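Colleague: Could you take a close look at a single part of this model for me, and set out in one connected answer what surrounds it?

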Amino acid sequence: MEIHILPERGLWPGLSRRDAVAEAHEETARIVAEVFDNVATYGDKAVREYEKKFTGAVRESLRVAEDEIYEAAGMITAELKESIEKAAANIAAFHGAQKMHRVEVETVPGVVCSQRQVPIDTVGLYVPGGNSPLFSTILMLGVPARIAGCRRVVMATPADATGKVHPAILYAAQIAGVTDIYAMGGAQAIAAMALGTESVPRVYKIFGPGNRFVMEAKQLACYRRGTALDMPAGPSEVMVIADKTASAEFIAADFLSQAEHGPDSQSILLTDSREVLDATVNEIERQLSSLPRREMMQKSLEHSRLIQLGSMAEVMEFANAYAPEHLIINTADAEALAGEVRSAGSVFIGQWSTESAGDYASGTNHTLPTSGYATAYSGVNLDSFCKKITYQRLTPEGVESLAPTVMVMAKAEGLEAHSRAMEVRKEALKKSALC
């Protein structure tokens with residue numbers, strides 16, 4: 001871990017950096033482009049060959065059959081089923097409240113403008129299955145898709161070496177309302193959903209986290225194939241803001257929970273208290289010694305940082321510039337500081353609000369912008385699965401109201417045909433008034 005005590009402001013940009021993945025971007029891009037070319041040419045056959053190469057899975061069909069899905073329900077405990085169902089209900093409650101009502105405004109007499117929210121017909125959800133079976137991600141993506149009214153919800157997730165998808169993933173997909181499930185992962189899964197194959201439908205928007213190959217594939221799908229994305233993303237991250245009242249045990253637990261996501265994850269502590277910083281260092285070491293993934297977590301901790309700044313005003317300035325994916329405010333005045341947050345994916349207010357709650361079951365979405373993109377992007381929400389279509393309706397009175405403005409502006413731009421389209425209507429109204 002890096003420890004920085006009262007760093008000068010000139011050092012802040014360097015302390016806000018995210019350490020990139022080990023392999024060069026150019027090589028990742030080359031590999032992903034080759035995957036897309038092969039999937040475009042050979043379809044399902046290419047996807048199956050990549051699955052065999054990377055996971056050892058051999059399946060006759062990429063699509064997961066209904067009997068596999070129903071069989072999964074009997075393979076997980078009643079306790080886990082109940083937890084998945086409760087989490088899904090909380091996510092549904094929060095996202096259901098985000099529904100937008102139709103907007104209608106008469107801007108001038110006879111001109112009515114309106115807007116309505118329309119679901120995206122077909123969406124693709126990518127659910128990683130490498131280090132962990134992330135069935136919570138299905139709930140975060142599938143439940144809002146169902147509430148939004150998407151007609152087809154396609155999920156891609158890798159199978160294990162035996163060709164089976166983890167039963168908890170299949171059960172969560174059932175609860176979330178996923179319509180099509182495919183046993184495929186990596187860049188080949190993104191390519192299949194972006195391009196479409198013999199069995200995989202082409203989707204209009206792709207959601208979900210993944211490794212650098214998945215992220216590169218999503219970018220390629222967007223910029224070269226015209227498929228929309230949920231947001232740019234990279235390794236997961238957490239920032240903890242703490243003052244002298246904070247528990248070092250709580251801070252360390254939150255710090256380490258993020259390191260558990262993967263070796264590229266980053267945890268940051270910002271505090272104005274040297275005592276809290278020192279106590280947290282000791283507590284991290286104590287807790288880490290008993291965790292099963294400590295070797296992998298050590299790699300994450302190598303580029304994680306504990307930083308003491310001169311005041312809480314400086315802490316908030318640094319936090320907004322860093323724009324963390326997850327921001328935990330563990331201070332005596334947490335509510336007040338939360339009001340000063342301008343850039344963050346999701347904020348956890350007070351000592352009892354662990355980031356784990358948002359990851360699983362509080363109701364907010366855990367698919368959030370990383371790598372500083374929270375300066376401009378929101379996390380996944382109901383809007384992410386919808387389009388907003390605008391309408392306008394003009395009556396004869398509306399033509400009279402709007403024609404002079406439109407005609408003057410169109411002529412000033414040198415677009416005579418635009419002006420003429422309004423002018424002919426105005427002339428028609430004059431003729432009808434004379435009859």
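The part in question is Asn-365 and the pair of helices beside which its contacts are described.

Modeller: This is a predicted model, in which local features need pLDDT of at least 70 and side-chain atom pairs count only at pLDDT 80 or more, while totals for chains, interfaces and linings use all residues. Residues are numbered from 1 along each chain as its sequence is written, and side-chain values use heavy atoms, with hydrogens and water left out.

Asn-365 sits in the loop between helix 15 (355-360) and strand 14 (386-394), where helices (H or I, at least four residues) and strands (E, at least two) are DSSP runs numbered from the N terminus. Because its relative accessibility is 5%, Asn-365 counts as buried (under 20% relative accessible area; exposed is over 50%, partly exposed in between, with a 1.4 Å probe and protein chains only). Its side chain makes a polar contact of 3.2 Å with the side chain of His-95 (a pair of N or O atoms within 3.5 Å, one able to donate a hydrogen and the other to accept it, residues adjacent in sequence counting only if both atoms are side-chain atoms), and it also reaches the backbone oxygen of Met-140 at 2.6 Å. Leaving aside neighbours within four places in sequence, Asn-365 is in contact (heavy atoms within 4.5 Å) with His-95, Met-140, Pro-144 and Val-380.

His-95 in helix 5 and Met-140 and Pro-144 in helix 6 are also among the residues through which these two helices meet.
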